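This report looks at how charged side chains pair with one another, and at one charged side chain that is left without such a partner. Please keep the sequence and the model at hand while reading.

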Amino acid sequence: MAEDVKFFADGDIGDGVEDAAFQNGSVQGELPDFQFGVVGYGIAGGLVGCGGPAMTRLLGPYSTFAGVQGTARDFTGVAGTSVNHVGVYGQVEDIVIRVDSLHAGVLGTALTQPGVVGVSDNMPGVEGDSFLGNGVAGASDTQDGVFGMSGPAGPQAPKTSNIAGVVGSSDRQHGVIGTSNASVGVIGFSNTIGVLGYTTTPGALAGQFIGDVSITGNLTVGGSFNLKGCAVPFPDGTYRTLYCMESPEVWFEDFGAAKLKRGRVIVKLDEDFAKVIKRGDYKVFLTPEGDCRGLYVRRKSAANFEVREFMGGTSSVAFSYRIVGRRKDVRGHERFAKFDMPVPPPAPRARRPAPTRAAFIADLERRARARATSAMRKSDREVAAMPPAILNPPRRRAPVVAAMPPAILNPRRRRAPAR
C-alpha cells in the first residue's frame with residue numbers, strides 16, 4: 001500500500017487565472033470516466049472546504065466531525081443544487097424508507113428520527129415560503145399531518161382520537177389561532193360537525209363570540225336546562241340574565257296600542273310583520289288601559305282586525321294588543337318533534353385495512369410523480385438505469401468521537417489573485 005502523503009493540486013486552466021485548485025479532467029457537456037470526482041477519508045472528516053477568506057471551522061457537535069465539512073464567513077457553507085432531482089439529501093440511520101420520484105431542494109429521511117429538524121434561538125425553527133403553493137405542507141397516513149406546540153403540551157380532547165390534519169397544543173397559550181384581514185379567520189367544514197367546542201371544567205365556556213353572530217340554519221340548545229339567556233347591563237354596572245320563552249310551535253309576535261272611538265276601531269297590521277306570517281291564522285290578545293265593559297276582536301282579515309267593546313259599549317278607552325302569527329317560511333313543522341342531540345364523534349374505527357409502509361410509500365410516490373415535470377421524470381429514468389456506484393474503503397476501526405480533540409483546519413494563507 002502506498003504511503004500516505006500530503007498533496008496540493010493547482011488547476012491552471014490556461015488563462016493565467018486559477019479557477020480550480022483541482023480538476024478531474026472532465027469535458028464540458030460530457031460525464032467523466034470516473035464514478036466519483038473526489039474521494040476522501042479522514043479521522044475528523046472526509047472532505048473539508050472553506051469558501052472565501054481562510055478561517056477556522058465553526059466547530060460544534062455536528063460539524064467537528066463530518067463526511068463533508070463546508071465553512072465560510074460571508075458565503076454559503078455547503079450548497080447543493082439540482083435541475084431535475086434533489087439538491088441536498090440527508091439521511092440518519094441505516095435502513096430508511098426509500099421513496100422514489102421525490103424531487104426537492106432538501107430531502108431528509110430517517111427510520112425512527114425526524115427527517116428534517118430546524119432549530120433557532122429567536123426565530124422560527126423551520127420557515128416555509130411559497131409564491132403559488134403551500135408555504136408548509138404536512139401529511140401523515142396514521143398520525144397528525146402538522147403538530148404545533150407552544151411550551152408544554154396542553155390537555156387532550158376527550159372522546160376523540162386526538163389525531164387530526166392540524167393539531168395545536170399548549171399548556172399556557174392558545175392552542176390554535178387563525179386571523180385574516182379580509183376573509184375568514186377560521187373555517188371548519190365536515191359532513192358531521194364543522195366546528196366543535198368542548199369543555200369539561202365547570203364554569204368554563206365551550207364557545208364564546210365577541211361581536212355579532214350570524215347563523216344560517218337552525219339553532220338548537222341542549223344541556224341540563226336548555227337555557228337561552230341574554231346578559232343585560234344594569235344601572236349598578238353589573239350584567240343580569242334574562243331568558244327566552246319557549247314554544248312547541250314556530251311563531252312571530254308583534255305589539256302595539258290603539259284607542260276605541262265610540263266603542264270600536266280597526267287596527268291595521270304592520271305591513272312588514274304581515275309579510276312574514278300566515279295572515280289567515282294569527283292570534284290577537286287585548287288589554288284595556290281604562291274602565292270599560294271589556295274588549296273583543298270582532299273580525300280579522302289579512303290586513304287588519306276590528307276591536308269592539310262588549311255589550312255595544314261606546315267608550316273611547318285606550319288598549320294595547322299582542323299579535324302572534326305562525327312563520328310564513330316554515331313548512332311541515334311538527335309539534336314537540338323529536339331531536340337527536342349530536343355528540344362528539346368517538347375515536348374513529350378503521351373502515352379499511354390498517355395502513356402499511358408499502359401503501360404509504362406508494363402514496364408518496366404517486367403524489368411526487370403527479371407534480372414532477374417531464375424533465376424530472378426523464379432524469380429519474382436515466383438515474384435508475386445507471387449501475388450502482390459502490391465504494392468500499394479499507395476497514396479501519398472507527399475512533400471514539402467524544403474522546404477526540406477538535407479537528408481544526410488552518411489553511412495556508414495565500415494572497416488572492418488580482419481580478
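## A pair within one helix

In this predicted model, Lys-275 and Asp-272 bring their side chains together in a salt bridge, with an N to O distance of 3.7 Å. Both residues belong to helix α1, which covers residues 271-275, and they stand three residues apart, or about one turn of the helix. Lys-275 is exposed, with a relative accessible area of 54%, and Asp-272 is likewise exposed, its relative accessible area being 54%.

A network of salt bridges with shared partners is also present, and it joins Glu-249, Asp-281, Lys-283, Arg-326 and Arg-335.

## Pairs between distant parts of the chain

Across the whole structure, the search finds 16 salt bridges. One of them pairs Glu-249 with Arg-335, whose closest N and O atoms are 2.6 Å apart. Glu-249 sits in the loop between β8 (239-243) and β9 (251-259), whereas Arg-335 sits in the loop between β14 (318-327) and α2 (357-371), so this salt bridge ties together parts that are 86 residues apart in sequence. The two partners are not alike in their surroundings, for Glu-249 is buried at a relative accessible area of 18%, while Arg-335 is partly exposed at 45% relative accessibility.

A salt bridge also forms between Glu-253 and Arg-322, with 2.7 Å between the closest N and O atoms. Here, too, distant parts of the chain are linked, since Glu-253 belongs to strand β9 and Arg-322 to strand β14, 69 residues apart. Glu-253 is partly exposed, with a relative accessible area of 41%, and Arg-322 is also partly exposed, at 33% relative accessibility.

## A buried glutamate without a salt bridge

Side chains of opposite charge can pair when their charged atoms come close. What, then, is the nearest side chain of opposite charge to Glu-309, which is buried yet has no salt bridge? That side chain belongs to Arg-293 and is 4.9 Å away, whereas a salt bridge requires the nitrogen and the carboxyl oxygen to lie within 4 Å.

Glu-309 lies in strand β13, residues 304-309, and its side chain has polar partners of other kinds. The Glu-309 side chain reaches the backbone nitrogen of Thr-314 at 3.3 Å, and a polar contact of 2.7 Å joins it to the side chain of Ser-315. Beyond its neighbours within four places in sequence, Glu-309 is in contact with several residues, including Leu-260, Gly-263, Cys-292, Arg-293 and Tyr-296.

Technical notes
Residues are numbered from 1 along each chain as its sequence is written. This is a predicted model: local features need pLDDT of at least 70, side-chain atom pairs count only at pLDDT 80 or more; totals for chains, interfaces and linings use all residues. Side-chain values use heavy atoms; hydrogens and water are left out. Helices (H or I, at least four residues) and strands (E, at least two) are DSSP runs, numbered from the N terminus. Buried means under 20% relative accessible area, exposed over 50%, partly exposed in between (1.4 Å probe, protein chains only). Lys and Arg count as positive and Asp and Glu as negative; His and the chain ends are not counted. A polar contact is a pair of N or O atoms within 3.5 Å; within protein, one must be able to donate a hydrogen and the other to accept it, and residues adjacent in sequence count only if both atoms are side-chain atoms. Contact means heavy atoms within 4.5 Å.
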